[in-house]
Amino acid sequence: MPLSAIDRGYELSRCERVIEKELKPKLQRIVQRRDAVYEKSSNYVKLRSQIERLQANRQAELKVMVDVGSQFYMQARVDDTSLVYVDVGLGLFVGLTHSEALICISKKLDELTKQAGDLTRQAAELKFHLRIMHDAIAELATACSVTSGDR
């Protein structure tokens with residue numbers, strides 16, 4: 001049974017509300033979570049690179065600049081580079097040897113890559129739903145204008 005002009009108008013506004021209040025904010029949250037995963041992955045890749053550099057140069061001590069917040073840096077000296085403290089999750093940092101740290105980083109990067117893939121898939125599905133909703137709105141708008149033009 002065809003929808004009346006009032007019903008089509010109601011469905012049109014309902015579709016627009018779903019897009020603006022539910023789908024777009026959800027897509028934005030997913031993309032933000034994915035970006036955070038990418039940033040975390042980047043930090044682990046940097047750590048892996050630094051550990052590999054320490055191993056290659058066989059440095060026993062190290063001088064570095066440390067960001068203490070708000071782009072404010074201080075010079076620090078590391079007297080013993082044999083242990084590296086790695087964030088293993090839940091705010092826990094564990095002192096690991098270079099080889100242990102590289103294994104841990106590899107596992108963490110695999111996990112983060114899987115998370116990023118899952119979030120990318122969710123974002124793609126949501127974009128598909130947005131496209132369907134936009135098509136439904138266009139169809140309803142066309143039906144409304146055709147009905148209005150018939151009078």
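## A walk from helix H1 to the hairpin

Let's start in helix H1, where Lys 24 and Glu 20 sit 4 residues apart, or about one turn of the helix. Keep in mind as you look around that this is a predicted model. Those two residues form a salt bridge, and their closest N and O atoms are 3.0 Å apart. How accessible are the two partners? Lys 24 counts as partly exposed at 37% relative accessibility, and Glu 20, with a relative accessible area of 45%, is partly exposed too.

The count of salt bridges in the model comes to 5, so it's worth hopping over to helix H2 for a couple of others, because Asp 118 and Lys 114 are 4 residues apart there and thus separated by about one helical turn. Asp 118 forms a salt bridge with Lys 114, with 3.2 Å between the closest N and O atoms. On this pair, Lys 114 is exposed, with a relative accessible area of 55%, while Asp 118 is partly exposed at 29%. Further along H2 you'll find Glu 125 and Arg 121, again 4 residues apart and about one turn of the helix from each other. They form a salt bridge as well, and here the closest N and O atoms are 2.9 Å apart. Glu 125 is partly exposed at 40% relative accessibility, and so is Arg 121, with a relative accessible area of 43%.

Now let's head inside. In soluble globular proteins, nonpolar side chains tend to be buried together. The largest nonpolar core in this model has 27 residues, and the ones with the most contacts inside it are Leu 23, Ile 51 and Val 86. Which elements give two or more residues to this core? They are helix H1 (5-57), strand S3 (83-89) and H2. H2 provides the largest share, 13 residues.

Ile 51 is a good place to pause. Setting aside residues up to four places away in sequence, Ile 51 touches Val 84, His 98, Ala 101, Leu 102 and Ile 105. Follow the contact to His 98 and you land in helix H2, which covers residues 98-150. Is His 98 buried or exposed? It is buried, because its relative accessible area is 14%, and the cut-off for buried is under 20%. Beyond its neighbours within four places in sequence, His 98 is in contact with Ile 51, Leu 54, Gln 55, Thr 81, Ser 82 and Val 84. Val 84 turns up in the contacts of Ile 51 and in those of His 98.

Finally, swing round to the hairpin. Strand S1 (residues 62-67) pairs with strand S2 (residues 73-78) in the antiparallel sense, over 6 bridges. To check the register, find Val 64, whose bridge partner in S2 is Ala 76. The hairpin has 5 residues between its strands, and Gly 69 takes a positive phi near 120° there.

The same part of the chain brings us back to the surface. Val 66, Val 68, Phe 72 and Met 74 make a nonpolar surface patch of about 370 Å². Met 74 lies in strand S2, and with a relative accessible area of 45%, Met 74 is partly exposed. For reading the strands by eye, it helps to recall that in a regular strand the side chains alternate between the two faces of the sheet.

Methods: Residues are numbered from 1 along each chain as its sequence is written. This is a predicted model: local features need pLDDT of at least 70, side-chain atom pairs count only at pLDDT 80 or more; totals for chains, interfaces and linings use all residues. Side-chain values use heavy atoms; hydrogens and water are left out. Buried means under 20% relative accessible area, exposed over 50%, partly exposed in between (1.4 Å probe, protein chains only). Contact means heavy atoms within 4.5 Å. A nonpolar core is a set of buried Ala, Val, Leu, Ile, Met, Phe, Trp, Tyr and Cys residues joined through side-chain atoms within 4.5 Å. Two strands pair if DSSP finds at least two bridges between them. A salt bridge is a side-chain nitrogen of Lys or Arg within 4 Å of a carboxyl oxygen of Asp or Glu. Patches are made of residues with over 30% relative accessible area and no salt bridge: like charges are joined within 9 Å, nonpolar side chains (Val, Leu, Ile, Met, Phe, Trp, Tyr) within 5 Å. Accessible areas come from the Shrake-Rupley method with a 1.4 Å probe; for residues, only the protein chains shown count as cover.
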